[in-house]
Amino acid sequence: MTKSMTGARMVVEALRDQGVEVVFGYPGGAVLPIYDEIFQQNEIRHILVRHEQAAVHAAEGYARSTGKPGVVLVTSGPGATNAVTGLTDALMDSIPIVVLTGQVPTFMIGTDAFQEADTVGITRPCTKHNWLVKDTDRLSETIHKAFHVATTGRPGPVLIDIPKDVQFASGSYTDPRRSEMGHYKPQVKGDIEMITRLVEAMEQARRPIFYTGGGVINSGDAATQLLHELVEATGFPITSTLMGLGAYPASGDKWLGMLGMHGLYEANLAMHGCDLMINLGARFDDRITGRLADFSPNSMKAHVDIDPSSINKVIHVDLPILGDIAHVLEDLLRIWKSRGRKVNRDGLAKWWAKIEDWKKVDCLAYAPSSKTIKPQYALQRLQALTKDHDRYITTEVGQHQMWAAQFLHFDAPKRWMTSGGLGTMGYGFPASIGVQMAHRDALVINVAGEASWLMNMQEMGTAMQFNLPVKQFILNNERLGMVRQWQELLHGERYSHSWSESLPDFVKLAEAFGAKGIQCHDPADLDDAIMEMINHDGPVIFDCLVEKHENCFPMIPSGAPHNEMLLGGADTQDAIGAKGAVMV
Amino acid sequence: MSALRLKKGLSKHSAYDLRDPNAEVIESHTLAVIVDNEAGVLARVIGLFSGRGYNIESLTVAEVDHLGHLSRITIVTKGTPQVIEQIKAQLGRIVPVHEVHDLTVEGPSVERELALFKVAGQGDKRIEALRLAEIFRANVVDSTLESFVFEMTGMPQKIDAFADLMRPLGLIEVARTGVAALARGT
Ligand SMILES: Cc1cc2nc3c(=O)[nH]c(=O)nc-3n(C[C@H](O)[C@H](O)[C@H](O)COP(=O)(O)OP(=O)(O)OC[C@H]3O[C@@H](n4cnc5c(N)ncnc54)[C@H](O)[C@@H]3O)c2cc1C
Ligand SMILES: Cc1ncc(C[n+]2csc(CCOP(=O)(O)OP(=O)(O)O)c2C)c(N)n1
């Protein structure tokens, strides 16, 4: 049965049929009919953010912490352009987001009408797909299709641009089951012959390693369970990218820690020296590979990925397997078991002995201090004091983000939300709001740098209005620390514009919003201060004054291979040659 | 060499590796891309090429299936084998793209392009132009006392060659359609 209704009503109806519970948005002229419909119902909650960029990051946090798509509603023109950074962020990190934008009426498109922008044109390169709906009869089907595209295959952001006359006009509503999904059907089952060849390689390998990424988390809970079973059964070591943290528990004894530019020594050397690399849902990012010509030179490489364009993009692999992680791991485990669960025990024992040697380097060691709070120490204490909580962590971008990845431990997926591919300062605070909306009783902490945090600090208003007790844990070094570190290493210590001046008094700032502010500068007070933050029932800004000139190590300078890593205490003067300096 | 005595992975060129990108062989490939004929689809394809720095040597597009609303885009592009593979994978991931065929590797194919040439001249030059047009099997589709418009269909190289010959004979304008291509046989 088809129901007739206005386009605006259709939007709400379609969102409800898609199981949407929360929409992050900001109103304006071109979406008023939809806001009017939102006003007249109680099933879908609307969270009024203070800036449209924050709406998208909040939706990303919601999506990453639940596995469900995040939904955003913004107006035309400036509302849509403000969403662009968030869309690009979600595209880079494969986060499913559905963004609805208002548009000027169809008969005014192209006339430079008030608040008109070519939204589908602007967002074409930063969405997985986008639509301009010119006919109310097509609206509901387009919304259902948008959810399908956003959440299947390699997930990503989609956008639907809805002119105001289409919202006012009546049309017939199509429910999700009757909607035409088109030909878009990504392949999920891997090629059995290729999987069998991978099993053969696993049986022989003397120095194997699992290199896992965000794709395992994208694939879902079945994938993380199967991964866990596979790692335990084979005894192979496992490392992960920044995006994949939590897919395998950090407390597991096969865990080597994160790899890459600021990854652990043992993880990077194991990647460099392995003879079989099994990439599961990671994309050979340049933060991982370093100098391509020297990337893991002696290994056979297998790559399981759902996106054909990820395979052989920068690194040529020997065993490409196109498919969904959960589906492929299920077949892989079945075949490996049916062939007698073989691994090369002698080889593995020697391999682990070598890895244990590398671990002894203790690459995360830092010079402790009883006078100033070292950022690493702050995170160690945060880890110790929160690990038994139902805890979710978001981050901003910079040194604090890398230290958080190194010093906080994740034993479950979807607990770690960070901007990896785009590296968007200003991501973490709104993301923490999105996470808290999905997990009302959980402890949600945004590990921030003061500079990043200021980029979306207006969201204090949102946190207060909706009683979201998000904790803003700011490692305040009064520096754009990551930039300062690169200037120290690459630009002769000329610290051009890399310090934070005229900072607000964060405690007063919190109080101005009606929230709680805590400041701490003495390591002796830190535990009590963190406990105070945890125990406060409401939003907290925690201004943690840390050592100003700490560098984040280990570090593989851009353009260097994995086995040329800078460790703490290294001579950092001109550590990166001219060749590395042109890279980012 | 891998301890497994299996073929090891080769690390290939990328933007982060400051090697001369021209050091690798550049190949020309003709791709046929079947897409939904919907608003913006051509912009998606072209945007992909400009955004990722791929080359477009020639591009043609027209609806080929009215009932199915499908268009065929024929693209001639150049790049290293790895870049060509990326281009195909990236095209394949655009939502309204149904199929991507690499006619250069999928077997023999025919390629044709149509061109119009306006040649102005008098006396011997005019006679010579007409004579060459006959040899190239170009048709005269317009003529005045001072000019001809020739129409020619053929491989792009043939059209290039004809243009080179016409230039000294008074070529003033050329319009080309770009390449249309189909696989041979069934
Ligand atoms: C300051 C800074 C420093 C950084 N340093 C590091 C670092 O030291 N180490 C590090 O690891 N990262 C680092 N990053 C992050 C880095 O830039 C990349 O974002 C990250 O490495 C990419 O992670 P990934 O390879 O897991 O890929 P993702 O971006 O998570 O991509 C996921 C891959 O999985 C595939 N996929 C998705 N769904 C599925 C499915 N269902 N089945 C199969 N495959 C699927 C996708 O197609 C894609 O190829 C840093 C970022 C910043 C901002
Ligand atoms: C929007 C944006 N602008 C600029 C950058 C470049 N950038 C990366 S890290 C960084 C400094 C971050 O400083 P802060 O948030 O204080 O964190 P810290 O590195 O000190 O921990 C900058 C400017 C970025 N990643 N994002």
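**Exercise 1. Find where A:Q115 sits, then say what is unusual about its backbone.**

Start with the place: A:Q115 belongs to the loop that joins β5 (97–103) to α6 (119–123) in chain A. Keep in mind that you're looking at a predicted model. Next, check the backbone angle: A:Q115 isn't a glycine, yet its phi is positive, at about 60 degrees.

Now look at the record for this part of the chain. An unreviewed UniProt entry gives residues 5–120 of chain A as "domain: Thiamine pyrophosphate enzyme N-terminal TPP-binding". That span is 43% helix and 20% strand, with 25 Å between its end C-alpha atoms.

**Exercise 2. Track down a cis peptide bond in chain A.**

Go to the loop between β20 (540–545) and α24 (578–581) of chain A, where you'll find A:P554. Then look at the bond leading into that proline: from A:F553 to A:P554 the peptide is cis, and omega is near -5 degrees.

**Exercise 3. Work out which residues line up around ligand 1, and pick out some polar contacts.**

First, get the surroundings. Ligand 1 has 37 residues around it, and the closest are A:G214, A:T241, A:R283, A:D305 and A:S310.

Second, try the backbone. A polar backbone atom of A:G214 is 2.7 Å from an oxygen atom of ligand 1. A:L242 also brings in a backbone N or O atom, 2.9 Å from an oxygen atom of the ligand.

Third, try a side chain. A:D324 places a polar side-chain atom 2.8 Å from a nitrogen atom of ligand 1.

Finally, put this on the chain map. The unreviewed UniProt entry assigns residues 195–332 of chain A to "domain: Thiamine pyrophosphate enzyme central". Here the end C-alpha atoms are 6 Å apart, and the span is 37% helix and 20% strand.

**Exercise 4. Do the same for ligand 2.**

Begin with the neighbours again: there are 17 residues around ligand 2, and A:Q399, A:H400, A:G423, A:S452 and A:G481 come nearest.

Then sort the polar contacts by the part of the residue involved. On the side-chain list, A:N477 has a polar atom 3.0 Å from an oxygen atom of ligand 2. A:E450 goes on that list too, with a side-chain N or O atom 3.4 Å from an oxygen atom of the ligand. On the backbone list, put A:R479, whose backbone N or O atom lies 3.1 Å from an oxygen atom of ligand 2.

To finish, check the annotation. UniProt, in an unreviewed entry, lists residues 397–544 of chain A as "domain: Thiamine pyrophosphate enzyme TPP-binding". This stretch is 39% helix and 17% strand, and its end C-alpha atoms are 17 Å apart.

**Exercise 5. Describe how two helices of chain B pack against each other.**

Pick out the helices first: α1 covers residues 41–51 of chain B and α2 covers residues 81–92 of chain B. Their axes come within 11 Å and cross at roughly 145 degrees. The crossing of α1(B) past α2(B) is right-handed.

Next, list who touches whom. From α1(B) you have B:V45, B:L48 and B:F49, and from α2(B) come B:I87, B:Q90 and B:L91. Sorting them by class gives five nonpolar residues, one polar and no charged ones.

Last, zoom out. An unreviewed UniProt entry marks residues 30–105 of chain B as "domain: ACT". Over that span the chain is 30% helix and 41% strand, and the end C-alpha atoms lie 9 Å apart.

Terms used: Residues numbered from 1 in each chain as written. Chains lettered and ligands numbered in written order. Predicted model: local features only at pLDDT ≥ 70, side-chain atom pairs only at ≥ 80, totals over all residues. Heavy atoms only, no water. Axes fitted to C-alpha atoms, helices over the stretch in contact; angles between N-to-C directions. Helix = DSSP H or I, 4+ residues; strand = E, 2+ residues; numbered from the N terminus. Left-handed = near helix turned anticlockwise from the far one by under 90°. Contact = heavy atoms within 4.5 Å. Nonpolar A, V, L, I, M, F, W, Y, C, P; charged D, E, K, R; others polar. UniProt positions renumbered as here; feature names shortened; annotations may be inferred. Near = heavy atom within 4 Å. Polar contact = N/O pair within 3.5 Å; in protein donor to acceptor, adjacent residues only side chain to side chain.
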